[in-house]
Amino acid sequence: MARSTGFLDTILTSPSTERYRVGISLLFLLGVWLTVGSFSDGMPGSMLLMAAAVIGGYMAINIGANDVANNMGPAVGSGALSLGAAVLIAAVFEAGGALIAGGNVVSTIKGGIIDPSTLDDGRAFVWLMTAALLAGALWLNLATWMGAPVSTTHSIVGGVLGAGIAAGGWGIADWAVMGKIAASWVISPVLGGALAALFLFAIKKTVLYRQDVVPAARTFVPWLVAIMAWAFGTYLMVKGVKKVIKVDFLEASLVGLVAAAVVFVMVRTLVGRKASTMENSSAGVNTLFTWPLIFAAALLSFAHGANDVANAIGPLAAINDALAGGAVVTSAAIPLWVMMVGALGIAVGLMLFGPRLIKTVGSEITELDKTRAFCIALSAALTVILASQLGLPVSSTHIAIGGVFGVGFLREYLKRNYATQLHKIIEHHDPDEQERLKPFLDDFRNASVEEMESLLKQAKKDKQQVPLSKAERKRLKKIYREEMVKRSHLVKIAAAWIITVPASAIMAAILFFTLRGLLI
């Protein structure tokens, strides 16, 4: 398995295979064109439906390439999954979520951002949805090329808004809804980051900072994983299968509680068995989170496929119904072929183009281990549950990326806090003892955050530290201020988030006028 996934990792990330990725994508879209053409021949608007199906497939490819990285990135970056294994698992669960729990009817206007009843012409509605779909796909393609994980929901929202305004004027838009969407640019990452940092800090205080890590892990890790099981059990009922099984929050919570009880017993037994051979360090604790991370990544992918496939197939289903009935539709039945275009497109996009964003999320923003990745996954599920109950508009993409930044900034805070403690310890010692300080500084420079606290305690106990010169203190501070979160990625991603809606809206408006000019 290791050799096969290692080989697959090489294939997925090799620059020389880029032309093959593009070629396979074009073959998939050609297959969509020919398949739709085979059964739509003679139908009204057959060519437009074929073109819309290809655009829907293109949108699905870009959803797979960009959005799925948020679920798999932390698991890959932490080493819980190889890149090849993550891509295979995500492709299967994304497609499964779309086909099994994607539902039979989809809202054609995501989030009610425009009122299509103001449109008198059914053709204008078809052009609107086609332009929105293509604009959203083009923006996602550009964002993926730049290495910026963005919200696919916001991409299609921007497309519908821009094309809607082009078709019906400014009055067609519901600006109160758009205000809530804009608010989610702050709400989503802040909630995700705060919860992820909170859980990581709790794990550090209850387990990693203890002198005897193994007994602490035996006590607390089963509870932590049980909380995760409750969160994901509830999350799947609230979000993952809501279109198939209708449950209220209390019923979903009870399902999650049953899952948590089963998982608690299993994990407590597992940790008990591993305790005798487990390393008494953070590395030993990390191994306990491997399987929870794998299950979390798979379940997040399933829920994502069930929910976000609508971003690709919602407009396509609307176009299909509008062409068949010649009228504007606010909700549309989903034919099997439409669902297949979305499900297979997401899987194709993930396998061909997803690895780039998976690497960005998993390893290029901040260094992740299994404990940190666990906190990010748990934060993602809990934030969606909390936001759903409070009626807050949130983006799963923004939540996941916010979680990554949250754990990174917590690591920076903790390290700088320890640096302050060190300076307080050493500034009162005799300068003549500087030679005795050098071994300590060498150890401290190479220490992890967890090891730094141990070194500080040893320093207080043994009184072996000596003060540094002013130049040495500045040099030491520079070491402490090493960035654990890459600011360049923060700026790039935040900028991409902010311009997603206006960028896709402008493109959609231009495309609408172009389509109308060509088809009238």
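Here are some short exercises on this predicted model, each with a worked solution.

Residues are numbered from 1 along each chain as its sequence is written, and side-chain values use heavy atoms, with hydrogens and water left out. Local features need pLDDT of at least 70 and side-chain atom pairs count only at pLDDT 80 or more, while totals for chains, interfaces and linings use all residues.

**Exercise 1. Get the overall picture: how many helices and strands does the protein have, and what percentage of its residues is buried?**

Step 1: Count the secondary structure. There are 19 helices and two strands; helices (H or I, at least four residues) and strands (E, at least two) are DSSP runs, numbered from the N terminus.

Step 2: Check burial. Of the 520 residues, 56% are buried. Here buried means under 20% relative accessible area, exposed over 50%, and partly exposed in between, using a 1.4 Å probe and protein chains only.

Step 3: Look at sequence separation. Take the contacts (heavy atoms within 4.5 Å) between residues at least 6 apart in sequence: 85% of these join residues at least 24 apart.

**Exercise 2. Work out how H4 and H5 pack: what is their crossing angle, and which residues make the contact?**

Step 1: Pick the descriptors. Two packed helices are described by the angle between their axes and the distance between the axes.

Step 2: Read them off. The axes of H4 (residues 69-77) and H5 (residues 83-101) come within 10 Å and cross at roughly 155°. Axes are lines fitted to C-alpha atoms, for helices over the stretch in contact, and angles run from 0 to 180 degrees between N-to-C directions.

Step 3: Classify the angle. H4 and H5 are therefore roughly antiparallel. The cut-offs are under 35 degrees for roughly parallel, over 145 for roughly antiparallel, 65 to 115 for roughly perpendicular, and oblique for the rest.

Step 4: Assign the hand. H4 passes H5 in a right-handed crossing; that's the near helix turned clockwise from the far one by less than a right angle, with anticlockwise giving left-handed.

Step 5: List the residues. H4 brings Asn-71, Met-72 and Val-76, and H5 brings Leu-83, Ala-86, Ile-89, Ala-90 and Glu-94. By class that's six nonpolar, one polar and one charged. Ala, Val, Leu, Ile, Met, Phe, Trp, Tyr, Cys and Pro count as nonpolar, Asp, Glu, Lys and Arg as charged, and the others, Gly among them, as polar.

**Exercise 3. Do the same for H12 and H13: how far apart are their axes?**

Step 1: H12 (residues 290-325) and H13 pack with axes 9 Å apart, at an angle of about 150°. They are therefore roughly antiparallel, and their crossing is right-handed.

Step 2: On the H12 side, the contact uses Val-309, Ile-313, Leu-316, Ala-317 and Asn-320. On the H13 side you'll find Trp-337, Val-338, Met-339, Val-341, Gly-342, Ala-343 and Ile-346. The tally is 10 nonpolar, two polar and no charged residues.

**Exercise 4. Place two threonines: where are Thr-366 and Thr-130 found?**

Step 1: Thr-366 is in the loop between H13 (336-364) and H14 (370-390). Thr-366 is buried, because its relative accessible area is 3%.

Step 2: The side chains of Thr-366 and Arg-411 share a polar contact of 3.1 Å. Such a contact is a pair of N or O atoms within 3.5 Å; within protein, one must be able to donate a hydrogen and the other to accept it, and residues adjacent in sequence count only if both atoms are side-chain atoms.

Step 3: Thr-130 is in H6 (residues 122-146), buried at 3% relative accessible area. Leaving aside neighbours within four places in sequence, Thr-130 is in contact with Ile-55, Ile-319 and Leu-515.
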